[in-house]
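Q: Please take a close look at one part of this model, its largest pocket. What kinds of residues make up the lining of the largest pocket?

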Amino acid sequence: MLLYSDEYFMNEAFKEARMAMSEDEIPIGAVIVFNNRIIARAHNMTEKLNDVTAHAEMLAITSAASAMGGKYLRDCTLYVSLEPCPMCAGALAWSQISKIVYAAPDDKRGYHLFGENLLHPKTIVECGIMKETSIEMMQEFFRKKR
């Protein structure tokens, strides 16, 4: 058994999502991993920063690029609690990230609604790791908003 499994890293992304929820942000969290080591952590901060681009993935990309010493995230994996939106997918394509693992699809604003061409052609995508946890967290957040 791997010490650092997809579930391990997705749980780390969920820790970030919970931080977002505690700050009254949409509960999306992300971590970027290189060589089984987390090099970037982020959660949504659009309300706090008053910035529509302050999605977890965007913040994680910036942090990971700094950690890697360059703009490309080859050999890195993004773990994110919800499917990236088109803006984030485009940024991930430009970063040339090797792999994206997301928990749950976003049937309203996910990148897949706009076509798979938003991602880099060599990027591997996996969906569904701990999907139920993501869905429950999103439902809880929006239930409290209503």
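A: Start with the classes. Ala, Val, Leu, Ile, Met, Phe, Trp, Tyr, Cys and Pro count as nonpolar; Asp, Glu, Lys and Arg count as charged; the others, Gly among them, count as polar. By that scheme, the lining divides into ten nonpolar, six polar and eight charged residues.

This is a predicted model: local features need pLDDT of at least 70, side-chain atom pairs count only at pLDDT 80 or more, and totals for chains, interfaces and linings use all residues. Residues are numbered from 1 along each chain as its sequence is written, and side-chain values use heavy atoms, with hydrogens and water left out.

Now the space itself. The largest pocket holds about 750 Å³. Its lining has 24 residues, and Leu 82, Asp 106, Lys 108, Met 138 and Phe 142 are the closest to its centre. A pocket here is an open set of points on a 1 Å grid over the protein atoms alone, where a 1.4 Å probe fits, with protein on both sides within 12 Å along at least five of seven lines; lining residues have an atom within 4 Å of a point. Grid points are joined across faces, edges and corners, and the volume is the space filled by probe spheres set on the points.

Which element gives the most to the lining? Helix H5, residues 131-145, does, with six residues. Helices (H or I, at least four residues) and strands (E, at least two) are DSSP runs, numbered from the N terminus.

So much for the parts. To recap, the lining mixes ten nonpolar residues with six polar and eight charged ones.

One more place deserves a look. Asp 24 sits in the loop between helix H1 (6-22) and strand S1 (29-34). Its phi is positive, near 60 degrees, and it is not a glycine. Asp 24 is partly exposed, at 45% relative accessible area (buried is under 20%, exposed over 50%, partly exposed in between; 1.4 Å probe, protein chains only).
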